[in-house]
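Subject: Structure handover

Dear colleague,

Here is the structure I said I would pass on. My notes on it follow below.

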Amino acid sequence: MPEFTLTSAPPLAGYDQSFDGVKLGAPVDLAIVSIALPLGGEVAAEKAIKSAYGAALPAPGKSVLSKDGLARLVRLSSDAAFVIFTHATPDAEPHVAEKLKGAAYTTDQTDVWSALEISGAKARTALERICPIDLHADAFADGDAARTSMEHLGTLIIRTGGDAFLLLSASSSAKSFLHAVETSIHNTA
Amino acid sequence: MIINHPHLGPRDAAEFIYLGDASLIDRPDWQDENATEKFYEYGYLRNNPAGEHQELWYHEQGDRSWLVVTRNTLTHEITKVEMARDVARARGRSK
Amino acid sequence: MTQVNRIDGGQVDRSKEVKFTFNGKHMRGFAGDTLASALLANGQRLVGRSFKYHRPRGILTSGSEEPNALVQLRSGAHQEPNTRATVTELFDGLKATSQNHRGSLEYDLMAVTDLMSRFLGAGFYYKTFMWPKAFWEKLYEPVIRKSAGLGSLSMKDDPDSYDKGFIHCDLLVIGAGPSGLSAALAAGRSGARVILADEDFTPGGRLNAETLEVDGMSGADWAAQAIAELAAMDNVRIMTRTTIYGAYDHGIYGALERCTDHLASADGKPRQVLWRIYSKRAVLAAGSTERPIAFGNNDRPGIMLAGAVRTYVNRFGVTPGQEVAVFTNNDDGWRTASDLAGKGVNVTTIIDTRDAPAVCDVPGARHIRNAAVMDTVGRKGLKSVTLTSGQVIPADCLAVSGGWNPNVHLTCHQRGRPEWRDDLSAFVPGADLPAGMAVAGAANGSMTLAAALAEGRSVANEQIKDLGFTASRKAAPKAEDEPRDCAPMWHVGESKNRAWVDQQNDVTVKDIKQSYREGFRSVEHLKRYTTLGMATDQGKTANIPALAIMAECTGKSIPETGTTIFRPPYTPIPLGALGGRARGKDFRPYRLTPSHDWAEKNGATFVEVGNWLRAQWFARPGEQGWRDSVDREALMTRKSVGICDVTTLGKIDIQGKDAAEFLNVVYANAFGKLPVGKVRYGLMLREDGICYDDGTTARMSENHFVMTTTTANAVLVFRRMEFVRQCLCPDMDVHLISTTDGWAQFAVAGPNARNLLRKVVDEAHDISNEAFPFMACGEVTVCGGTPARLFRISFSGELAYEIAVPARFGNSMMGVLMQAGEEFDAVPYGTEALGVMRIEKGHAAGNELNGQTTALNLGLGGMVSAKKDCIGKTLSQRPEMNRDDAIRLVGFRPVDRSLKLIAGSHFINKDDEAKMANDQGWMTSVAYSPSLGHSIGLGFIKSGHERMGEIVRAVSPIHDTEMDVEIVSAHFIDPEGERLRA
């Protein structure tokens with residue numbers, strides 16, 4: 001038996017609030033692993049991703065759900081993607097690496113980011129105050145993803161539904177980011 | 001300004017970092033005969049045209065790609081945006 | 001006071017009475033009034049004193065171009081000076097006061113300046129306050145400052161909040177007058193995403209101010225109907241109280257929305273929002289602004305623009321006077337006479353500069369042809385006007401129309417130049433418009449209602465067709481073309497008294513002539529010499545008349561004389577709105593280390609390092625100051641073990657078949673042969689050969705490296721590495737991703753470091769000196785299976801490790817390490833003790849890697865590999881950077897050990913004079929070494945490595961100190977490195 005035990009405490013763990021027309025919460029146990037496509041090995045890597053997740057890696061700026069609906073593949077750039085899924089233990093990276101069988105480079109990004117889910121009829125109105133990306137459904141459809149800057153903080157925004165967005169921002173500044181989103185909700189309520 | 005990213009579409013220039021003249025891609029060979037002279041020119045001498053200019057922009061708050069943007073410095077009109085990696089290859093930087 | 005000038009009609013809501021005060025006087029108005037319309041309704045013509053001469057002034061206009069009626073709103077910290085009464089929406093409880101007078105508004109003691117006016121003309125300050133030079137700061141400026149300016153600041157923090165935002169559209173329509181509404185309707189019906197913005201609180205523009213009809217109904221009713229149709233469209237966003245203040249590159253517009261200025265209280269919501277609007281196309285439908293005619297004493301309260309007079313009558317149901325005369329050079333002025341007469345207001349006289357028949361029939365009014373107003377009477381309010389013929393006409397209101405200027409402002413924001421149109425006697429937008437912008441209606445010189453409505457539609461349709469939308473086939477709304485003939489007259493030459501051109505800056509016709517005589521003839525010089533066109537109105541009513549008068553002086557045409565072009569903002573933007581949320585603790589985001597909570601609970605004092613908050617030291621009860629804490633932390637670490645959160649160092653995950661080769665390019669030293677499971681110190685150069693950054697890189701597997709950078713350069717190094725990857729080595733298989741925030745990393749340093757870690761690292765991992773020697777690295781597990789990374793590296797010079805766990809465990813890990821360290825009296829240490837120990841060990845940091853120093857200077861010259869290329873290699877070999885007497889990093893200690901070294905001191909040889917020519921180098925870092933019991937320093941000195949034991953002087957002229965110091969090895973502690981290999 002080890003003498004000491006570690007407890008997990010992500011910066012926004014347990015946050016879940018409802019406002020007038022907006023719900024804001026930190027998803028539980030969200031794991032993120034980055035996938036880099038080897039130069040010259042892109043075809044093999046995309047094939048491995050497809051066979052592991054039952055879905056083809058989409059174009060940059062897009063995301064898709066895996067066939068079983070449990071993982072989201074987000075293409076960030078020509079040679080980089082994230083796979084986002086629910087996974088409680090700190091071994092998300094080996095878990096993904098195993099599925100890809102060495103066809104791509106993987107790096108654990110779970111603790112690099114802090115996630116917030118914002119949803120509801122007024123979610124877009126609140127995000128207008130910090131997000132320079134056009135979030136109109138015609139311009140940013142379900143599954144669309146963009147890395148941008150909100151209140152000076154690098155953010156990955158993904159539309160996960162009609163009025164629902166997943167926001168990923170650096171975990172060290174998670175509290176400042178939460179404050180920025182809450183202020184936007186307050187200012188537009 | 002708006003930079004029309006080849007992969008991601010139009011993005012606010014605020015997401016980008018400006019570096020300067022795209023001639024910075026053309027790094028000299030260290031084993032060239034006049035390497036010191038060439039590196040001096042590479043490091044210190046830049047064209048500063050009033051008009052069309054090829055320049056390097058980095059999409060730091062985006063996909064981390066380096067772009068070569070052809071921009072008119074008088075009007076800010078942007079006529080071409082390319083992935084710097086493709087430009088570098090086209091300029092013979094492949095191994 | 002009662003609303004003596006309130007008449008029937010208008011669009012105010014008479015069921016909602018609104019109470020307000022002006023200079024403490026209680027007054028009443030109605031919902032839908034502006035402060036200006038309510039003041040006029042209450043018979044208050046005098047509303048302020050002018051900027052320079054303290055002349056009594058009233059209301060000139062009914063819009064944002066107002067130069068005169070600037071008032072102070074609200075009180076206490078909410079006090080806001082220089083607010084235009086003409087655009088201030090009336091609300092219950094509004095407190096307004098007049099500005100720029102000592103004593104009361106009626107009896108301003110400063111009005112004496114008006115008597116001295118013949119000495120105070122254009123250029124007065126430039127000529128008078130030239131000498132003696134010392135008098136400027138001490139005497140002239142304080143006196144001028146006190147008497148200049150209009151309103152005053154509360155000198156308290158702004159209690160309101162502000163916000164910013166981003167919105168997108170296919171078509172931005174700027175202005176909701178006839179052409180703007182017509183444009184928005186056309187575009188909205190096609191399905192395009194439209195933003196319709198207008199600075200007014202009621203959209204409609206001049207439609208609300210005129211009696212003209214559209215589609216058989218009143219203009220105001222048609223506007224309301226159009227707004228209702230637009231409001232029902234999902235694809236249209238109507239933004240009232242929103243000024244588009246600037247046109248920027250590539251279809252970006254700046255907008256200021258005044259959200260709560262019309263309410264008694266903001267109720268905790270942002271007062272204003274500064275929007276960045278991204279448009280694919282825009283229609284500028286900003287209308288036009290009426291211009292005055294300059295004549296003697298044309299600034300008396302009661303003298304107003306003719307269009308404004310009928311706005312007050314038609315829109316607000318207020319007459320600015322009971323006995324009104326009209327002075328015009330154009331047909332439009334006649335509409336004021338006719339509208340007023342139609343509402344039963346007494347219009348006595350129409351003075352037309354033209355020798356032409358009456359434009360229309362105005363019952364009860366005399367028509368005087370070929371005439372002009374030369375002077376006026378009535379110091380605090382107009383009593384009569386005197387014509388050039390000498391005829392005196394009693395009047396309490398004179399409506400003046402000099403014609404209309406298209407509002408071309410936004411067309412100039414990308415340096416477009418307006419063009420003169422003789423038929424309009426006005427500038428219209430030039431061909432060189434901001435990208436994506438088209439202009440419609442009066443802003444484009446289409447001055448009649450029918451033309452504006454038609455052009456709004458056609459221009460919008462062209463714009464959206466370009467974007468691929470199909471234009472709706474619905475016809476333009478119908479209206480008639482009203483007569484618009486105009487015979488330009490800019491000033492009345494016969495006037496003997498001062499004729500005001502720019503009322504906000506008190507610039508007269510005479511000032512412009514003087515400017516001409518003294519050689520300030522270009523428009524830009526005229527502006528700067530006289531201050532014409534400056535301040536809150538930016539010369540909206542003054543610029544063109546001034547230009548015309550200058551043209552008259554030069555004998556050239558107006559377009560030959562020049563144009564004024566405009567810069568953003570169109571109207572003033574409060575600094576609070578530009579700042580948005582970025583104030584106080586929200587000025588910028590904070591980054592917290594994983595053990596921040598633990599540190600906070602354990603007495604840490606934090607220091608800002610970039611955006612990071614880091615523990616600087618951990619005070620214990622009884623310690624007298626920071627030095628006590630820092631000395632203890634450093635001593636205890638060297639004696640037993642200390643723990644420091646070093647998460648802030650940048651971490652970059654590097655993978656790929658060419659990763660090692662890539663590192664060879666970015667680092668000066670070689671990484672190709674670094675074995676798996678080992679860490680190496682790496683030095684980066686700039687391309688010019690100067691040191692850039694340093695850190696360690698660990699090889700986790702053949703194709704996988706983990707790099708650390710300095711905290712300060714984490715972002716910059718990543719950026720540069722992407723540059724090398726994509727632009728210089730595009731065919732290397734290498735991939736970078738930041739993991740800085742992903743791992744909580746702790747330095748565990750001191751002789752008991754291994755003993756402590758043995759209790760935390762799971763037993764399966766052998767961390768003995770043999771199995772895990774100095775510069776080893778590897779993946780381990782801690783506390784029963786939690787993945788971790790262990791690096792045997794040392795910044796302190798002690799036996800030391802850095803251990804990293806997923807950041808979510810970081811706070812807990814700090815507690816665990818301290819608990820495990822209890823038996824060794826482990827201490828947490830902060831950035832100060834970290835700094836002390838690195839100076840004791842002679843490690844370079846930011847003070848030494850300061851952007852001026854080379855590898856050779858740092859004593860790391862041997863690291864620049866001769867066998868391979870790297871960034872900075874070639875230029876680092878330049879002779880000047882490799883001189884025999886180059887500065888070298890060495891240690892220093894005071895000869896008198898009780899003295900404290902001073903960072904920044906310069907070194908001078910023992911017998912030399914302390915001057916720059918004899919400079920030998922400088923002290924970069926100093927600290928009190930608790931281990932040695934005296935002050936120590938690092939610094940650069942010429943050929944330092946060959947001068948061990950030499951005594952030089954450390955001179956600090958700014959501290960006025962000088963002391964003898966001895967050159968010693970930079971490695972004050974354990975120079976052989978035995979401890980870190982133990």
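On the surface, a patch of positive charge is formed by C:Arg118, C:Lys510, C:Lys513 and C:Arg517. Please keep in mind that this is a predicted model. One member of the patch, C:Lys513, sits in helix H10 of chain C, which covers residues 509-517. C:Lys513 has a relative accessibility of 33% and therefore counts as partly exposed, since that class lies between 20% and 50%.

Helix H7 of chain C (residues 306-314) is another matter. Of its 9 residues, 9 are buried, so the helix is largely enclosed by the rest of the structure. The buried residues of H7(C) include two with charged or polar names that you may want to look up, C:Arg310 and C:Asn314, and they also include C:Tyr312. Which elements cover H7(C)? Among those of chain C that do so are helix H1 (35-41) and helix H8 (331-342). Strands contribute as well, including E16 (288-290), E17 (303-305), E24 (397-401) and E25 (404-406).

Some backbone points come next. Most residues other than glycine have a negative phi, and most peptide bonds are trans. Chain C has a cis peptide bond between C:Pro568 and C:Pro569, with omega at about 0°. C:Pro569 belongs to the loop that runs between helix H13 (558-561) and helix H14 (575-579) of chain C.

In chain A, A:Lys101 is not a glycine, yet its phi is positive, near 50°. This residue is found in the loop between helix H2 (92-100) and strand E7 (105-108) of chain A. A:Lys101 has a relative accessible area of 73%, so it is classed as exposed. A:Glu151 also has a positive phi, near 50°. The loop that holds A:Glu151 links strand E9 (145-150) and strand E10 (153-161) of chain A. With a relative accessibility of 29%, A:Glu151 counts as partly exposed.

Chain B is described here as a whole. It has 2 helices and 6 strands, in the order β-β-β-α-β-β-β-α from the N terminus. Along the principal axes, its C-alpha atoms fill a box of roughly 45 × 30 × 20 Å. Chain B has 95 residues, and 46% of them are buried. Of the contacts in chain B between residues at least 6 apart in sequence, 48% join residues at least 24 apart. The exposed area of chain B is about 4800 Å², with 45% of it supplied by carbon and sulfur atoms. Its side chains include 12 positive and 16 negative ones, and the centres of the two sets are 6 Å apart.

Regards

Conventions
Residues numbered from 1 in each chain as written. Chains lettered and ligands numbered in written order. Predicted model: local features only at pLDDT ≥ 70, side-chain atom pairs only at ≥ 80, totals over all residues. Heavy atoms only, no water. Patch = residues over 30% accessible without salt bridge, like charges linked within 9 Å, V, L, I, M, F, W, Y side chains within 5 Å. Areas by Shrake-Rupley, 256 points an atom, 1.4 Å probe, with all protein chains shown as cover. Salt bridge = Lys/Arg side-chain N within 4 Å of Asp/Glu carboxyl O. Lys, Arg positive; Asp, Glu negative; His and termini not counted. Charge placed at Lys NZ, Arg CZ, Asp CG, Glu CD. Helix = DSSP H or I, 4+ residues; strand = E, 2+ residues; numbered from the N terminus. Buried < 20%, exposed > 50% of the residue type's maximum accessible area, 1.4 Å probe, protein only. Contact = heavy atoms within 4.5 Å.
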